[in-house]
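Student: Please show me the model. I want to test each label against its definition.

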Amino acid sequence: MQKKAVLILVTLVACASPQKPVSVNQTTQKVNPADDPFFKEPNPAGETFRVLILNDSYTVRQMSGDTDLVKKQDDSGDKEQLNTFQELAARYDFKDWDFQGLLSVRLHPHRGEIEHIEYVLGQNPKTWQASKLFQEDVSRFQFQFPKGQVTLRDFRVRYRWKIQRRPGLTDEEARKRALEFLKAETLQNH
């Protein structure tokens, strides 16, 4: 177990190692999340929704299947989820991260409620925290059926969660935060 912790520590410290310096006074241009390239990537068959989580936004876009099902609007749930992602991002912001995952979702054929959620083989995020959050998030989705019946039972939801390194964080501070994060995670898992 100690060898594993040391390996994780070395990986996190290496990940937090020198990156392009960020100026404290640097201004970032506000970009509309709906214009993110994530939503413009080709849409493989069966991928019905994409969810993009950024530092200050949570965006769900339906990519296909809108004649069979539509996600019900849930602004308060989306806001609550964004708060959860932001809390965890504050622990991870010692480097830039890009967590992605592809979930397969199956609906009950009569009620239209989510019956089963699992990751597509080889498409789970790098961390269990992101993996768990993506699954919890999609489990709260509720749907409407324009045709009056459940005609689309199986579909996929792609997630992307981008965390940006905290502006002005020096490389030494980033290494220190990575070590603190690892210690906290190691203690929590024992």
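Tutor: Start with secondary structure: DSSP runs of H or I with at least four residues are helices, runs of E with at least two are strands, and both are numbered from the N terminus. This is a predicted model, in which local features need pLDDT of at least 70 and side-chain atom pairs count only at pLDDT 80 or more, while totals for chains, interfaces and linings use all residues. Residues are numbered from 1 along each chain as its sequence is written, and side-chain values use heavy atoms, with hydrogens and water left out.

Student: Where does Gly148 lie?

Tutor: In the loop between strand S6 (143–144) and S7.

Student: Why is Gly148 called buried or exposed?

Tutor: Relative accessible area decides: under 20% is buried, over 50% is exposed, and anything in between is partly exposed (1.4 Å probe, protein chains only). Gly148 has 66%, so it is exposed. Its C-alpha is 9.4 Å from that of Leu69, although the two are 79 residues apart in sequence.

Student: How many helices and strands does the protein have?

Tutor: Four helices and seven strands. Along the sequence they follow α-β-β-β-α-β-β-α-β-β-α.

Student: How do you know that S1 and S2 pair?

Tutor: Pairing requires at least two DSSP bridges between two strands. Strand S1 (residues 47–54) and S2 have six, in the antiparallel sense. They therefore pass the cut-off. One bridge sets Leu54 against Ser57 in S2. A hairpin of two residues makes the connection from S1 to S2.

Student: Which strand order does the open sheet have?

Tutor: S2-S1-S7-S4-S5, five strands with mixed pairing.

Student: What makes S2 and S5 edge strands?

Tutor: Each pairs on one side only; S2 covers 57–62 and S5 covers 114–119. Neighbouring strands in this sheet are turned by 20° on average, direction ignored. Such angles run from 0 to 180 degrees between N-to-C directions, and the axes are lines fitted to C-alpha atoms, for helices over the stretch in contact.

Student: What packs on the sheet?

Tutor: Helix H2 (residues 75–92) does, touching S1, S2, strand S4 (97–107) and strand S7 (154–163). Its direction makes about 45° with that of S7. Helix H3 (residues 128–139) also packs on the sheet; it touches S1, S2, S4, S5 and S7, and makes about 160° with S5. Contact here means heavy atoms within 4.5 Å.

Student: How do you know that S4 pairs with S7?

Tutor: Ten would be plenty against a cut-off of at least two, and 10 bridges join these antiparallel strands. In one of them, Gln100 is partnered by Arg160 of S7. S4 and S5 also run antiparallel, over five bridges, and Ser104 stands opposite Glu118 in S5. Their hairpin has six residues between the strands, and Gly112 in the turn has a positive phi of about 75°.

Student: Why is Glu47 called buried?

Tutor: Its relative accessible area is 1%, under the 20% limit, so Glu47 is buried. It lies in strand S1. Beyond the residues up to four places away in sequence, Glu47 touches Met63, Ser64, Leu102, Arg156 and Arg158.

Student: And why is Ser131 called buried?

Tutor: Its value is 14%, again under 20%, so the label holds. Ser131 is in helix H3. Leaving out neighbours within four places in sequence, its contacts are Tyr119 and Pro125.

Student: What is the span of H2, and what is expected?

Tutor: H2 has 18 residues and reaches 25 Å from first C-alpha to last, close to the expected 26 Å. The expected span is 1.5 Å times one less than the number of residues.

Student: How do you know where the buried residues of H2 fall, seen down its axis?

Tutor: The buried residues are Gly77, Asp78, Gln81, Leu82, Phe85, Leu88, Ala89 and Tyr92. They fall within an arc of 135°, so they line one face of the helix. That arc is taken over the directions from the helix axis to the C-beta atoms. On the other side, Ser76, Lys79, Glu80 and Glu87 are exposed.

Student: How much of the protein is buried?

Tutor: Buried residues make up 38% of its 190 residues.
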